[in-house]
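Biologist: Please take one part of this model and go through it closely. I would like to see how two helices pack, and then which charged side chains pair up.

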Amino acid sequence: YTLSLHDALAIFHTRQIFDGFREVVRTNLEHIKANEGGDFFSFVRKCYVSHLAMSIRRHVKKDAQSVSLRRLLDEICGCADQFTYEFYLAQFPIDPTYVDWQKPTFRKFTDDGKVVSAARIQKDIDELTSITAQVEKLADKSIAHLDKSEFKGSVTFGDLDACIDAFDALVCKYLKLTTAEGYSTLEPTILSDWQRIFTVPFDIR
């Protein structure tokens, strides 16, 4: 699961960089047109879409060898009737000197307050499958392989963002259940000045 989390974190980092790059392009559009920069931007855009589509694809695959968000959800769903509140408290005991976060956290996954509901986990799985379906199909048919039956759908930047936002919500939700780590978002803060490279001339001699 740690590998899966680290890979998911990389997705958010990639989006932040690309969003910043698009802003640089929008701000300098006339300069880019005047200096034939369209091909380079098109190259970066295609690389971003391919990279992100494959990253999303990795996390919705569920075969036995996959380390993915989907596999984690399947495993929790499969043992839901054994995942009791009593077991949860044994892993994360209530601290009388601290706020009682265990009960409201567990409540998000249960119908009766006693055991995890497989139906609730399955609902999250179904929503993840639905929102990533077109991106996964694009990756399968056009990026990971050249399929005889070509991809006939469409995937927008908005679709990619929706997948990333869904990952963010689900990973934060299940981190709290499985590790007791509480995050409102996995969106990182980039500490380095990565845009500085665009403020100085390149020497391509």
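Modeller: What follows covers one helix pair and then the salt bridges. This is a predicted model, in which local features need pLDDT of at least 70, side-chain atom pairs count only at pLDDT 80 or more, and totals for chains, interfaces and linings use all residues. Residues are numbered from 1 along each chain as its sequence is written, and side-chain values use heavy atoms, with hydrogens and water left out.

Two packed helices are described by the angle between their axes and the distance between the axes. Helices here are DSSP runs (H or I, at least four residues; strands are E, at least two), numbered from the N terminus. For α4 and α7 the angle is about 160° and the axes are 9 Å apart. Axes are lines fitted to C-alpha atoms, for helices over the stretch in contact, and angles run from 0 to 180 degrees between N-to-C directions. The two helices are therefore roughly antiparallel, a term for angles over 145 degrees (under 35 is roughly parallel, 65 to 115 roughly perpendicular, the rest oblique). The crossing of α4 past α7 is left-handed, meaning that the near helix is turned anticlockwise from the far one by less than a right angle; clockwise would be right-handed. On the α4 side the contact (heavy atoms within 4.5 Å) is made by L69, R70, L73, D74, I76 and C77, and on the α7 side by A118, I121, Q122, I125, L128 and T129. By class, this contact has eight nonpolar, two polar and two charged residues. Ala, Val, Leu, Ile, Met, Phe, Trp, Tyr, Cys and Pro count as nonpolar, Asp, Glu, Lys and Arg as charged, and the others, Gly among them, as polar.

Now the charged pairs. A salt bridge is a side-chain nitrogen of Lys or Arg within 4 Å of a carboxyl oxygen of Asp or Glu, and the structure holds 14 of them. One joins E136 and K61, with the closest N and O atoms 2.8 Å apart. This pair links distant parts of the chain: E136 lies in helix α7 (residues 118-143) and K61 in the loop between α3 (38-60) and α4 (69-78), 75 residues apart. E136 is buried, at 19% relative accessible area, whereas K61 is partly exposed, at 21%. Buried means under 20%, exposed over 50%, and partly exposed in between (1.4 Å probe, protein chains only).

Another salt bridge joins D111 and R120, again with 2.8 Å between the closest N and O atoms. D111 is exposed, at 60%, and R120 is partly exposed, at 33%.
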